[in-house]
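Please open the model in a viewer and keep the sequence panel beside it. The tour below proceeds by selection, with a short account of what is found at each stop.

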Amino acid sequence: MAKKSLIEKEKKKKDLVVKYNRIRQSLKLRLRNSLCIQEKLIISERLQSLPRNSAPVRLRNRCSLTGRPRSNYRDFGFSRHVPREMAHTCVLPGVSKSSW
C-alpha cells in the first residue's frame, strides 16, 4: 500500500491538470500558429508561468486499489498484483492459477 500523502499529492496534481488544461491547450495552439518570434516568446513565458504540477507529464499512473506507482495495466487501472490476487480468490471468471 502506498503512503496516503503520496496518493493525496497525486490527486492534487490531477485536479491542477484538469483546472489548467484548457489554458495550456489554447496557449500551445497559439504558439504553434504564431509566426512572429516576439509573440512566441511572450506565449512561451505565459506557458512557463503556469504551475509546474499542472502539466500532464507530471502525473503518475497509480493502482486504483493499492496506490502502487509501478507496473500498472492502463486498461484496468490496477497494478500487476491485483489481478493475480483476484485470480487466486476466483473473482475473475475463466482465470485459474497455473501450476506445474
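Is Ser96 buried or exposed? With a relative accessibility of 62%, Ser96 counts as exposed. The model on display is a predicted one, and this residue serves as the starting point of the tour.

**Stop 1: the segment after α3**

Select Ser96, which is found in the segment following helix α3 (81–88). Then add Met86 to the selection: ten residues separate Ser96 and Met86 in sequence, and their C-alpha atoms are 9.8 Å apart in space.

Next, select Cys90, which also lies in the segment after α3. Cys90 is exposed, its relative accessible area being 63%. Attention should be given to its backbone: the phi angle of Cys90 is near 60°, a positive value in a residue other than glycine. For comparison, most residues other than glycine have a negative phi.

**Stop 2: the whole chain**

Now clear the selection and display the full chain as a cartoon. Three helices and two strands should appear, and their order from the N terminus on is α-α-β-β-α. The C-alpha trace spans about 65 × 30 × 20 Å along its principal axes. The radius of gyration of the chain is 20 Å, whereas a compact globule of 100 residues would have one near 13 Å.

A surface view may be added here. The accessible surface amounts to about 8500 Å², and carbon and sulfur atoms account for 54% of it. Of the 100 residues, 19% are buried. When contacts between residues at least 6 apart in sequence are considered, 38% of them join residues at least 24 apart.

Colouring by charge shows 25 positive and 7 negative charges, whose mean positions lie 4 Å apart.

**Stop 3: the salt bridges**

How many salt bridges does the count come to? The count comes to two.

For one of them, select Lys11 and Glu8, whose side chains meet at 3.5 Å, N to O. Lys11 and Glu8 are three residues apart in helix α1 (residues 4–33), and therefore about one helical turn separates them. Lys11 is partly exposed at 46% relative accessibility, and Glu8 is partly exposed at 42%.

For the other, select Glu10 and Arg62, whose side chains form a salt bridge at 3.9 Å, N to O. This pair links distant parts of the chain, since Glu10 is in helix α1 while Arg62 is in the loop between α2 (37–49) and β1 (72–73), 52 residues apart. Glu10 is buried, with a relative accessible area of 9%.

**Stop 4: around Glu10**

Keep Glu10 visible and add Arg58, which is located in the loop between α2 and β1. Although 48 residues apart in sequence, Arg58 and Glu10 have C-alpha atoms 9.2 Å apart. Which residues does Arg58 touch, not counting those up to four places away in sequence? They are Glu10, Lys13, Arg52 and Asn53. Arg58 itself is partly exposed, with a relative accessible area of 40%.

**Stop 5: a buried arginine**

Follow helix α1 to Arg24. Arg24 is buried yet has no salt bridge. The nearest side chain of opposite charge belongs to Glu10, 14 Å away. With residues up to four places away in sequence set aside, Arg24 touches Leu47, Leu50, Pro51, Ser54, Ala55 and Pro56.

**Stop 6: Ser71 and Ser79**

Select Ser71, in the loop between α2 and β1. The phi angle of Ser71 is near 50°, again a positive value in a residue other than glycine. Ser71 is partly exposed, with a relative accessible area of 33%.

Finally, move to Ser79 in strand β2 (residues 78–79). Is Ser79 buried or exposed? Ser79 counts as buried because its relative accessible area is 0%, and the limit for a buried residue is under 20%. Leaving aside neighbours within four places in sequence, the contacts of Ser79 are Cys63, Thr66, Arg68, Arg70, Ser71, Asn72 and Tyr73. Ser71, the residue selected at the start of this stop, is thus one of the contacts of Ser79.

Notes:
Residues are numbered from 1 along each chain as its sequence is written. This is a predicted model: local features need pLDDT of at least 70, side-chain atom pairs count only at pLDDT 80 or more; totals for chains, interfaces and linings use all residues. Side-chain values use heavy atoms; hydrogens and water are left out. Helices (H or I, at least four residues) and strands (E, at least two) are DSSP runs, numbered from the N terminus. Buried means under 20% relative accessible area, exposed over 50%, partly exposed in between (1.4 Å probe, protein chains only). Contact means heavy atoms within 4.5 Å. The radius of gyration is taken over C-alpha atoms; the globule rule is 2.2 Å times the number of residues to the power 0.38. Accessible areas come from the Shrake-Rupley method with a 1.4 Å probe; for residues, only the protein chains shown count as cover. Lys and Arg count as positive and Asp and Glu as negative; His and the chain ends are not counted. The place of a charge is taken as NZ of Lys, CZ of Arg, CG of Asp or CD of Glu. A salt bridge is a side-chain nitrogen of Lys or Arg within 4 Å of a carboxyl oxygen of Asp or Glu.
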